[in-house]
Amino acid sequence: MAAKIIDGRVFAAGILAEVTAEVSAIRAARGRVPGLAVVLVGEDPASQVYVRNKARTTKESGMESFEYRLDVGTSEAALLSLIAELNDDPRVDGILVQLPLPKHIDSARVLDAISPDKDVDGFHVLNAGRLATGLPGLVPCTPLGCLLMLKHELGDLSGLRAVVLGRSNIVGKPMAALLLAESCTVTIAHSRTRDLEAVCREADILVAAVGRPEMVRGSWVKPGATVIDVGINRVPGDAGKTKLVGDVAFAEAADVAGRITPVPGGVGPMTIACLLRNTLAAAKLAKIKA
Ligand code: NDP
């Protein structure tokens with residue numbers, strides 16, 4: 001294996017330590033700590049794990065965690081009414097609605113009902129617009145985590161060729177916007193892209209966010225490139241168990257790349273760390289506006 005493994009767990013622990021120290025300082029100065037509200041509708045098993053982990057890490061950082069677990073049959077009106085309450089609650093600095101929502105609820109309407117200043121997932125159309133136009137705002141946690149790792153590993157990204165595989169609103173598009181803001185030359189690839197392998201092989205930075213287990217092969221990677229694997233895919237493992245793999249065939253790619261993130265232990269831990277970083281940023285913004 002040639003590549004250096006980028007350890008997201010270690011990196012995330014560093015961010016969480018900084019957040020925890022700042023939370024202590026805010027407690028001392030204001031007599032209250034930042035608060036994060038997480039709303040889960042229904043009982044999707046993966047979402048339950050994510051929400052549990054987010055709440056646990058929030059408490060570990062010293063912030064207040066407000067959890068709302070709503071029945072799968074909850075109406076859109078009831079959910080919007082809860083969000084309106086949370087928007088007005090001064091103890092709540094960040095609001096996160098866990099996706100996916102049940103089909104009878106319009107996700108876009110719900111996300112846009114969250115106050116943009118408390119939108120710690122960065123999915124509100126106003127924050128998406130701010131990112132696209134280069135204005136400061138809350139940035140989606142997963143791409144932000146990827147960018148922090150890239151800057152830490154590579155320093156100045158200016159002029160590098162970046163390929164983002166995937167064009168979702170929550171990962172691919174904001175990732176591309178962040179890399180463009182760092183003056184990378186950015187290509188966004190997707191399911192209609194022709195000659196995907198050749199496009200990927202041009203990348204100094206390759207970010208894979210497609211949700212297809214091990215789709216990116218070693219032969220798609222430019223020698224020495226930095227590969228960030230966002231994918232989380234559960235596939236059959238040994239002895240009837242399942243295991244997690246990314247969107248990149250790790251062993252093959254690690255033979256060619258200069259640096260690579262593993263799955264698990266790469267982007268995943270950074271996403272939660274960035275959620276708390278965003279909550280802290282929202283709490284500071286609330287103080288400035290108070
Ligand atoms: P989406 O399903 O919303 O988007 C997937 C994207 O991949 C689409 O743009 C799609 O193209 C593209 N795509 C799918 N198949 C192919 C293909 N064969 N060739 C080229 N492009 C393809 O997924 P998300 O962006 O939400 O998530 C992507 C992955 O990242 C998933 O595995 C998800 O679990 C993981 N994830 C991990 C997080 C973490 O914390 N580590 C957080 C969020 C997501 P098109 O638009 O043309 O359909």
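**Close-up 1. T142 in helix α6, a residue that counts as buried.** With a relative accessibility of 16%, T142 counts as buried, where buried stands for under 20% relative accessible area, exposed for over 50%, and partly exposed for what lies in between, using a 1.4 Å probe and protein chains only. The model shown here is predicted, so that local features need pLDDT of at least 70 and side-chain atom pairs count only at pLDDT 80 or more, while totals for chains, interfaces and linings use all residues. Residues are numbered from 1 along each chain as its sequence is written, and side-chain values use heavy atoms, with hydrogens and water left out. T142 belongs to helix α6; helices (H or I, at least four residues) and strands (E, at least two) are DSSP runs that are numbered from the N terminus. When neighbours within four places in sequence are left aside, T142 is in contact with V171, V230, V267 and T271, contact meaning heavy atoms within 4.5 Å.

**Close-up 2. The open sheet of 6 strands and helix α6.** The strands of this open sheet follow the order β1-β11-β8-β7-β5-β6, and their pairing is parallel; two strands pair if DSSP finds at least two bridges between them. Because β1 (4–5) and β6 (185–189) stand at the edges with a single partner strand each, one side of each is left without a neighbour in the sheet. Strand β1 is joined to β11 (residues 259–260) by 2 bridges, the two running parallel, and K4 has R259 as its bridge partner in β11. Helix α6 (residues 141–154) lies across β1, β7 (205–208), β8 (226–229) and β11, and runs at about 160° to β8; the axes behind such angles are lines fitted to C-alpha atoms, for helices over the stretch in contact, and the angles run from 0 to 180 degrees between N-to-C directions.

**Close-up 3. Strand β8 and its partners β7 and β11.** In a regular strand the side chains alternate between the two faces of the sheet. From β8, T226 and I228 point one way and V227 and D229 the other way, and all are buried. Strands β7 and β8 run parallel and are joined by 4 bridges, with I228 in β8 as the bridge partner of V207. Between β8 and β11, which also run parallel, there are 2 bridges, and here T226 has R259 as its bridge partner in β11.

**Close-up 4. The open sheet of 3 strands with helices α2 and α3.** The order of the strands is β3-β2-β4, and the pairing is parallel. Since β3 (64–70) and β4 (94–97) stand at the edges, each with a single partner strand, one side of each is left without a neighbour in the sheet. On average, and with direction ignored, neighbouring strands of this sheet are turned by 15° against each other. Strand β2 (residues 35–41) runs parallel to β3 and is joined to it by 7 bridges, and the bridge partner of G35 in β3 is E64. Helix α2 (residues 45–60) packs on the sheet, where it touches β2, β3 and β4, and its direction makes about 160° with that of β3. Helix α3 (residues 76–88) lies across β2, β3 and β4 as well, running at about 180° to β2.

**Close-up 5. Y50 in helix α2.** Y50, found in helix α2, is partly exposed, with a relative accessible area of 36%. Not counting residues up to four places away in sequence, Y50 touches Q98 and I232. The C-alpha atoms of Y50 and G265, which are 215 residues apart along the chain, are separated by 15 Å.

**Close-up 6. The ligand and the residues around it.** The ligand is surrounded by 21 residues, of which the closest are R167, S168, S191, R212 and T271; a residue belongs to these surroundings if one of its heavy atoms lies within 4 Å. A polar side-chain atom of R167 lies 2.7 Å from an oxygen atom of the ligand, and for a polar side-chain atom of S168 the distance to a ligand oxygen atom is 2.5 Å. In T271, an N or O atom of the side chain is 2.8 Å from an oxygen atom of the ligand. Taken alone, the ligand exposes 930 Å², and the protein buries 70% of that. Helix α10 (residues 267–289) provides the largest share of the shell around the ligand, 3 residues.

Notes
Polar contact = N/O pair within 3.5 Å; in protein donor to acceptor, adjacent residues only side chain to side chain. Areas by Shrake-Rupley, 256 points an atom, 1.4 Å probe, with all protein chains shown as cover.
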